[in-house]
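Here is a short briefing on the structure shown below. It takes the pairing of the copies, then one chosen residue, then a record annotation.

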2 protein chains.
Amino acid sequence: MSACVLYHFAFDPGSRAVRLALGEARIGFSETPVRPWEDGCPVATLNPSGMPPVLQIADAGGRALTLCEPAAILGWLEERTKEPFLLPADAAERAEVRRLLAWFDRRFTDEVNAVLLHERMEKPLLRLGPPEARALRAGREALKSHLVMMEGLLAQRDALAGRRISQADIVAAAHLSVLDYFGEVSWAAYPAVKTWYMKLKSRPCFRPLLADRFPGVQASAWYHDLDF
Amino acid sequence: MSACVLYHFAFDPGSRAVRLALGEARIGFSETPVRPWEDGCPVATLNPSGMPPVLQIADAGGRALTLCEPAAILGWLEERTKEPFLLPADAAERAEVRRLLAWFDRRFTDEVNAVLLHERMEKPLLRLGPPEARALRAGREALKSHLVMMEGLLAQRDALAGRRISQADIVAAAHLSVLDYFGEVSWAAYPAVKTWYMKLKSRPCFRPLLADRFPGVQASAWYHDLDF
């Protein structure tokens, strides 16, 4: 047996992806919520990037393994048993998972999060003033194009990268869940994405995320609803 | 047996990482150099992001596997045999490889490439005018801090993530090799990084990169030298 501690920020998409994956793996962990932009954040001494998520695992022998960044944690989860977990066995599907992970890590993060989450989330947290209308519009336009892309995939597939849920679904759902809290996802316009997200949201791993509260911002009316 | 075609751009760090890894694996491939910013680039129909590298593999049965983005290609290379290739067997070292890959994918790309390579490489390619002194300075300062980080690791380790070369070394060396072409790396100030890079540069996989030519820009005086 091992004891796990997760350092995370509840509205960081990478932290959320890891919480979902740990939940899927039914690995119990204790939580240390962190605010990485504040002095003295404990993650600063654990991860050179200063960013959550960081998972610390102490085994029975007292040795500790420190996993920094979502990819390291998802990789460890994948490899701790012989069974495929969130990576499919098929080579083409694995490649598709990795293509989509790169897409969300770069494209989605740069085009949507760096604009829309910056305005809606980082500005209030860091007291950077009110959101700018132009940036909100640009971020919302970018989000639309990503939802169109996802709708195209999910109209043909049960999961983003193929037949069953993978790291790609976990990461994509983590991103959308943060935007959904702020009411930024127009689900009705993307029926295949909505059906996919409803299925994911109904899984037990999603429950802790639905209980998160952002200071000073109420969740969208449908954020907690499994049937929205 | 399989036939491989690599679509790549010679000065794209991700494309270079894949060429190095294919070379390390001694996998022969034919090359299709691409210019992803031009209309009709063949990668546009292969990878939804429109970006190289893309590796197409046709097996003897005529089935094709299309691998888009460096992570998918490195992942396939890792998994095609049972032997560890560029991921160490040890869980802590694997986590360190993945932490560093995330670092180069995000931090290095955002802080160095998006500034310094934009000024030195993208501006002439896209005819965006001369480089700006302020951006060059900012990119060079950022590069210094990354070289300091690497020097710290390589003063204690033979390879970036541990004892033997891994995906992290391949990706980091690919990034530095592009900057080195443009004379942007002050090797003398980072002796451990220099020793590490000399060792990598002497490997057969590096040879094709040393033959690359950027239109209108001569390589730095030491770019081709194995002993610099």
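The model is predicted. Of the interface residues of chain B, 100% are also interface residues in chain A, so the copies meet through the same surface.

**Symmetry of the copies**
- A turn of 180° and a shift of 0.0 Å along the axis lay chain B on chain A. The RMSD of that fit is 0.0 Å.
- The two copies are thus related as by a two-fold rotation axis.
- Which residue of chain B comes closest to the rotation axis? B:R106 does, with its C-alpha at 3.9 Å.

**Focus on B:Q167**
- Helix α5 of chain B covers residues 167-181, and B:Q167 is found in that helix.
- Is B:Q167 buried or exposed? Its relative accessibility is 8%, and buried means under 20%, so B:Q167 counts as buried.
- Leaving out residues up to four places away in sequence, B:Q167 touches B:L74, B:E78, B:L86, B:L87, B:V97 and B:L101.
- B:V148 is 19 residues from B:Q167 in sequence. In space, the two are 20 Å apart, C-alpha to C-alpha.

**Annotated span in chain A**
- UniProt lists residues 90-219 of chain A as "domain: GST C-terminal", in an unreviewed entry.
- How much of residues 90-219 of chain A is helix, and how much is strand? The span is 68% helix and 0% strand.
- The end C-alpha atoms of this span lie 38 Å apart.

Terms used:
Residues are numbered from 1 along each chain as its sequence is written. Chains are lettered from A and ligands numbered from 1 in the order in which they are written. This is a predicted model: local features need pLDDT of at least 70, side-chain atom pairs count only at pLDDT 80 or more; totals for chains, interfaces and linings use all residues. Side-chain values use heavy atoms; hydrogens and water are left out. Copies are superposed by least squares on the C-alpha atoms of residues with pLDDT of at least 70 in both. Contact means heavy atoms within 4.5 Å. Helices (H or I, at least four residues) and strands (E, at least two) are DSSP runs, numbered from the N terminus. Buried means under 20% relative accessible area, exposed over 50%, partly exposed in between (1.4 Å probe, protein chains only). UniProt positions are given in the numbering used here, feature names are shortened, and annotations may be inferred rather than shown by experiment.
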